[in-house]
Amino acid sequence: MKKVAVLGATGSIGGNTLDVIARHPERFRATVLTAHRQVEALAELCVRHRPDLAVIADPALEAELSRRLAAAGVRCEVASGQAALAAAAASELCDTVVAAIVGAAGLDSTLAAARAGKRLLLANKEAIVMAGPLLLEAVAAGGGALIPVDSEHNALFQCLPAQCLPGQPDLRAGGVRRLILTASGGPFRGHTRAQLANITPDQACKHPNWVMGRKISVDSATLMNKGLEVIEAHHLFAAPADAIEVVVHPQSLVHSLVEYVDGSVLAQLGNPDMRTAIGHALAWPERVETGVAPLNLAACAPLAFEAPDLVTFRCLALAFQALRAGGDAPAVLNAANEIAVEAFLAGALPFLSIADVVEAVLAELPAQAVVDIPTLCERDRVAREAARRVLRNAC
Ligand SMILES: NC(=O)c1ccc[n+]([C@@H]2O[C@H](COP(=O)([O-])OP(=O)(O)OC[C@H]3O[C@@H](n4cnc5c(N)ncnc54)[C@H](OP(=O)(O)O)[C@@H]3O)[C@@H](O)[C@H]2O)c1
């Protein structure tokens, strides 16, 4: 029986994870559930899944969580605060941790799980974009495993040989020439810059194929999500920037591909439903039912592929730029993007200006070597401040 901590249980990945877990009570048990501020939703999940521990990140809500659980007759430990999240991820209550908090806020708990040797199921791509080498070092030192949940990286994981899986030193040792990440193109594929000038948050969050949290939905619309994924693939599979390509595939059925030096190209396909990647990561190396509908290829034909538009969707080009700059440039990119997306969602920044903010912050803070986590977190703070300054000057 795997004891699973679901960090970010009230989110989209969290919900899908709990759905898969509930289908296999003989294999998996959700022992730790966490949320940020959705105390009512967290309490309801506790009633349904009966964890041993519930953590609410906002300490002001701990008493309310305790009250709700007591009223519902749920007996589980309750804790709050960021330190409690990390402690939960490293605790004996779990052997598997699903890192599904959104943004840099998930870094501490993801690292804590890695250091403690947990089987780390990584959805929180911002953590690996920020701290790639340090996170992989922590996984190696802890002696656990890292299995990507992001559908593209999970697809690559499934198509790669063992000598190319996370933590191995060189993608090419496995005879791999290229990693090809697919992108749906988001809700604005084919739009011109003029058409994107007055996009609203609700329009940006209406993804054609996936139902996701608001931050990743905006990232998908700007193609920053694909940029973060390029950096994630670089770290996970020791792939140089030149060996990673992005291709737009609007149907989101081919989740990514691996090209080998002999010309073979292996792809992983499936309906656009995150439960496939989550179920794979939970059960690996075995397989479990996930409730995902079978793929009907004839009904989906023809499958389409096209090159991404890097001029209209500049965030993808900026992510490649940060990856090539190396050091902490991806962390700076991520921090600036988080602030810009927050401002866009709050109605305080036009859609097209998200890239402007990221570009300005990258120009202001040239790449520095990544030394350790405290230095990286300080850099994250400075980049956020710079982004807020750019925002103030723009308004
Ligand atoms: N959704 C997808 O299909 C998908 C696919 C691939 C990768 N991912 C990645 O998975 C991660 C989660 O995405 P999502 O779409 O599931 O996001 P989401 O629906 O917005 O859920 C985010 C979760 O994180 C919690 N959270 C937010 N801020 C926090 C903080 N400061 N401290 C502690 N917890 C916090 C939220 O709690 P509250 O509910 O209380 O706010 C919620 O449980 C992201 O990194 C995303 O890029 C998502």
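These are my notebook entries on the ligand site and the cavities of this structure, which is a predicted model.

**Entry 1, the ligand.** I began with the surroundings of the ligand and found 26 residues around it, the closest being T10, H36, R37, Q38 and E126. I then looked up polar contacts to oxygen atoms of the ligand: an N or O atom in the side chain of E126 is 2.7 Å away from one, a polar backbone atom of I13 is 2.9 Å from one, and a backbone N or O atom of A123 lies 3.3 Å from one. Taken alone the ligand exposes 900 Å², and I noted that the protein buries 88% of that. The elements giving two or more residues to this shell are α1 (12-23), α4 (82-90) and α6 (125-142). By class I recorded 13 nonpolar, nine polar and four charged residues in the shell, and I saw that domain 1 (2-149) and domain 2 (150-271 + 296-311) each supply at least three residues to it.

**Entry 2, the largest cavity.** I next looked for cavities of 30 Å³ or more, of which the structure holds two. The largest has a volume of about 80 Å³, and its lining includes R193, T222, F313 and F351. Two or more lining residues come from each of α8 (193-196), α14 (314-325) and α16 (353-364), while domain 2 (150-271 + 296-311) and domain 3 (326-395) each give at least three.

**Entry 3, the second largest cavity.** For this one I noted a volume of about 60 Å³ and a lining with W210, H255 and D273 among its residues. By class, that lining has two nonpolar, six polar and one charged residues.

Definitions and conventions
Residues are numbered from 1 along each chain as its sequence is written. This is a predicted model: local features need pLDDT of at least 70, side-chain atom pairs count only at pLDDT 80 or more; totals for chains, interfaces and linings use all residues. Side-chain values use heavy atoms; hydrogens and water are left out. A residue is near a molecule or strand if one of its heavy atoms lies within 4 Å of it. A polar contact is a pair of N or O atoms within 3.5 Å; within protein, one must be able to donate a hydrogen and the other to accept it, and residues adjacent in sequence count only if both atoms are side-chain atoms. Accessible areas come from the Shrake-Rupley method with a 1.4 Å probe; for residues, only the protein chains shown count as cover. Helices (H or I, at least four residues) and strands (E, at least two) are DSSP runs, numbered from the N terminus. Ala, Val, Leu, Ile, Met, Phe, Trp, Tyr, Cys and Pro count as nonpolar, Asp, Glu, Lys and Arg as charged, and the others, Gly among them, as polar. Domain bounds come from an automatic or database domain assignment. On a 1 Å grid over the protein atoms alone, a cavity is a set of points where a 1.4 Å probe fits but cannot get out, and a pocket is an open set with protein on both sides within 12 Å along at least five of seven lines; lining residues have an atom within 4 Å of a point. Grid points are joined across faces, edges and corners, and a volume is the space filled by probe spheres set on the points.
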